[in-house]
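Trainee: I'm new to this one. Can we go through it together, with the reasoning spelled out?
Mentor: Sure, have a look first.

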Amino acid sequence: MAKYIINGGSALNGKVFLQGAKNAVLPLFAAALLTEEEVVLHNCPDLLDVDNMARILQSIGADVERHGETIKIRGNLNSYEIPYGLAKELRSSIFLLGSVLARRKKAKVAYPGGCDIGLRPINIHLDAFRELGVKIEEKYGYIYCDASNMQGSHINFDYPSVGATENVMLLAATAKGITTISNAAREPEIEGLQDFLNLMGAKVSGAGTPFITIEGVESLKGTEYTTIPDRIVAGTYLMACAICGGEVELIGARPAHLHALLSKLSKSGCKIKVNNDKIYIKADRRLLPFERVETQPYPGFPTDLQAPLCALASVACGNTVVIENIFETRFKHVPELIKMGARIIVSGSVASIRGVERLRGAEVTAMDLRGGAALVLAGLNAKGTTIINEVHHIERGYENFDAILSSLGADIVKV
Ligand code: EPZ
């Protein structure tokens with residue numbers, strides 16, 4: 001298993017050209033199956049999760065070809081069954097339920113996988129599908145669906161689930177009648193999916209607000225689309241600069257997607273400047289404490305940046321309370337940060353962090369994608385050498401992470 005070896009203490013200086021958003025491109029792969037015509041997706045990051053999603057599409061008959069950052073998909077489906085082995089690799093396999101059902105009116109999907117950060121049930125997805133007239137049977141770890149009598153309907157979400165919002169948009173785009181979702185998730189990736197579906201000829205409106213309307217159309221056509229930039233990767237690089245000191249400019253960013261983080265970084269003493277597709281950060285002093293950070297659905301502070309923020313708060317000059325409201329067990333990075341000298345106490349969904357001057361190098365293990373990224377940030381700050389095991393978790397979401405950090409001046413190698 002690959003590891004990172006980091007000698008901490010170098011400031012970061014330079015530019016980062018942002019990758020396309022993992023959590024935006026994965027639902028687009030599913031949407032591409034809604035037509036037999038060719039779909040061309042640009043700005044697709046080179047990540048294990050994207051490769052796994054491509055493998056799932058190919059396993060049910062689709063043609064998927066990568067040409068650098070461009071991926072061409074032709075959704076000729078010859079099966080409606082998503083195999084267990086691939087489905088368990090990533091959460092996004094559940095999106096295929098919506099698009100395979102829409103095309104084949106039948107689907108058999110294993111329960112999805114993904115980061116081990118909580119129970120991650122799919123009840124909101126399945127309840128919504130039942131509201132749309134889909135017959136669902138769950139047995140032997142598979143979900144069997146029959147959408148032959150599907151009809152648009154009004155759906156209210158108890159919780160603004162990102163995946164369930166995307167799944168209903170995928171299923172309802174070509175369903176008979178009108179479907180509305182209230183209490184929909186408002187993440188930018190959902191607006192991206194709406195833009196893409198509408199380029200295919202769908203009639204979706206309201207993405208980015210709690211109310212989404214989908215007017216079913218007969219069929220969808222092929223199109224070309226550029227994936228939005230990855231706001232979580234952007235936030236991670238900004239926090240990497242904040243924890244080490246230096247000056248970094250992100251290019252190809254969407255500042256509007258990061259207001260919650262930018263506000264926290266400014267208040268902690270970082271200098272932030274933004275213009276239409278760039279974010280500039282300068283960190284030249286020890287960070288002030290963040291006091292209280294609560295993860296919320298977008299546009300609140302993103303749960304995917306909670307772990308990197310814990311690393312940052314570990315070296316601020318004061319106390320920070322971090323409350324994780326979205327996932328039940330998303331503090332697996334804390335014991336690893338404590339090995340590096342962080343002073344954190346976790347009680348339920350609350351992490352109380354007392355900042356120390358500087359962390360110290362140690363051997364640690366990445367337990368999930370964003371927790372692993374937090375350990376990299378901690379290693380960049382720490383005195384001495386940090387070894388991070390199981391970096392495959394990190395590389396599911398960060399393209400060329402070690403190479404980019406090294407280009408900014410970090411002393412990091414992958415072995
Ligand atoms: C998406 O996951 C992202 N993944 C996650 O990013 C992100 O953390 C999450 O949204 C929240 O922003 C992708 O887009 C591939 P949810 P998703 O449905 O769709 C509960 C990363 O690091 N819930 O909004 O799974 C669920 O258990 C990953 O890139 C139900 O109870 O998120 C969780 O507690 C991690 N029943 C909460 O809602 C359901 O049917 C949020 O889940 C669905 C969800």
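Trainee: What makes the pair between a backbone N or O atom of Gly 163 and an oxygen atom of the ligand a polar contact?
Mentor: Keep in mind that this is a predicted model. The backbone atom of Gly 163 lies 2.9 Å from the ligand oxygen. The cut-off for a pair of N or O atoms is 3.5 Å, so the pair counts as a polar contact.

Trainee: What about Ile 326 and Arg 370, how do you know that they make polar contacts too?
Mentor: With Ile 326, a backbone N or O atom is 2.5 Å from an oxygen atom of the ligand. With Arg 370, a polar side-chain atom is 2.8 Å from a ligand oxygen. Both pairs are within 3.5 Å, so both count.

Trainee: How much of the ligand does the protein cover?
Mentor: On its own the ligand has 830 Å² of accessible area, and the protein covers 91% of that.

Trainee: Where does the ligand sit?
Mentor: In the largest pocket. The label "sits in" needs more than half of the ligand's atoms within 2 Å of the pocket's grid points, so the ligand meets that test.

Trainee: Which elements give two or more residues to the shell around the ligand?
Mentor: Helix 1 (22–32), helix 5 (123–131), helix 6 (162–172) and helix 12 (369–381). Helix 5 gives the most, with 3 residues.

Trainee: And how many residues surround the ligand?
Mentor: There are 22, and the closest include Asn 123 and Asp 304. By type, the shell divides into 9 nonpolar, 7 polar and 6 charged residues. Domain 1 (4–18 + 230–414) and domain 2 (22–226) each supply at least three residues.

Trainee: Away from the ligand, why is Asn 43 worth a remark?
Mentor: Most residues other than glycine have a negative phi. Asn 43 has a phi near 65°, a positive value. You'll find Asn 43 in the loop between strand 3 (38–42) and helix 2 (48–59).

Trainee: What about the peptide bond from Tyr 298 to Pro 299?
Mentor: That bond is cis, with omega near 10°, whereas most peptide bonds are trans. Pro 299 is in the loop between strand 18 (291–294) and helix 10 (306–313).

Definitions and conventions
Residues are numbered from 1 along each chain as its sequence is written. This is a predicted model: local features need pLDDT of at least 70, side-chain atom pairs count only at pLDDT 80 or more; totals for chains, interfaces and linings use all residues. Side-chain values use heavy atoms; hydrogens and water are left out. A residue is near a molecule or strand if one of its heavy atoms lies within 4 Å of it. A polar contact is a pair of N or O atoms within 3.5 Å; within protein, one must be able to donate a hydrogen and the other to accept it, and residues adjacent in sequence count only if both atoms are side-chain atoms. Accessible areas come from the Shrake-Rupley method with a 1.4 Å probe; for residues, only the protein chains shown count as cover. On a 1 Å grid over the protein atoms alone, a cavity is a set of points where a 1.4 Å probe fits but cannot get out, and a pocket is an open set with protein on both sides within 12 Å along at least five of seven lines; lining residues have an atom within 4 Å of a point. Helices (H or I, at least four residues) and strands (E, at least two) are DSSP runs, numbered from the N terminus. Ala, Val, Leu, Ile, Met, Phe, Trp, Tyr, Cys and Pro count as nonpolar, Asp, Glu, Lys and Arg as charged, and the others, Gly among them, as polar. Domain bounds come from an automatic or database domain assignment.
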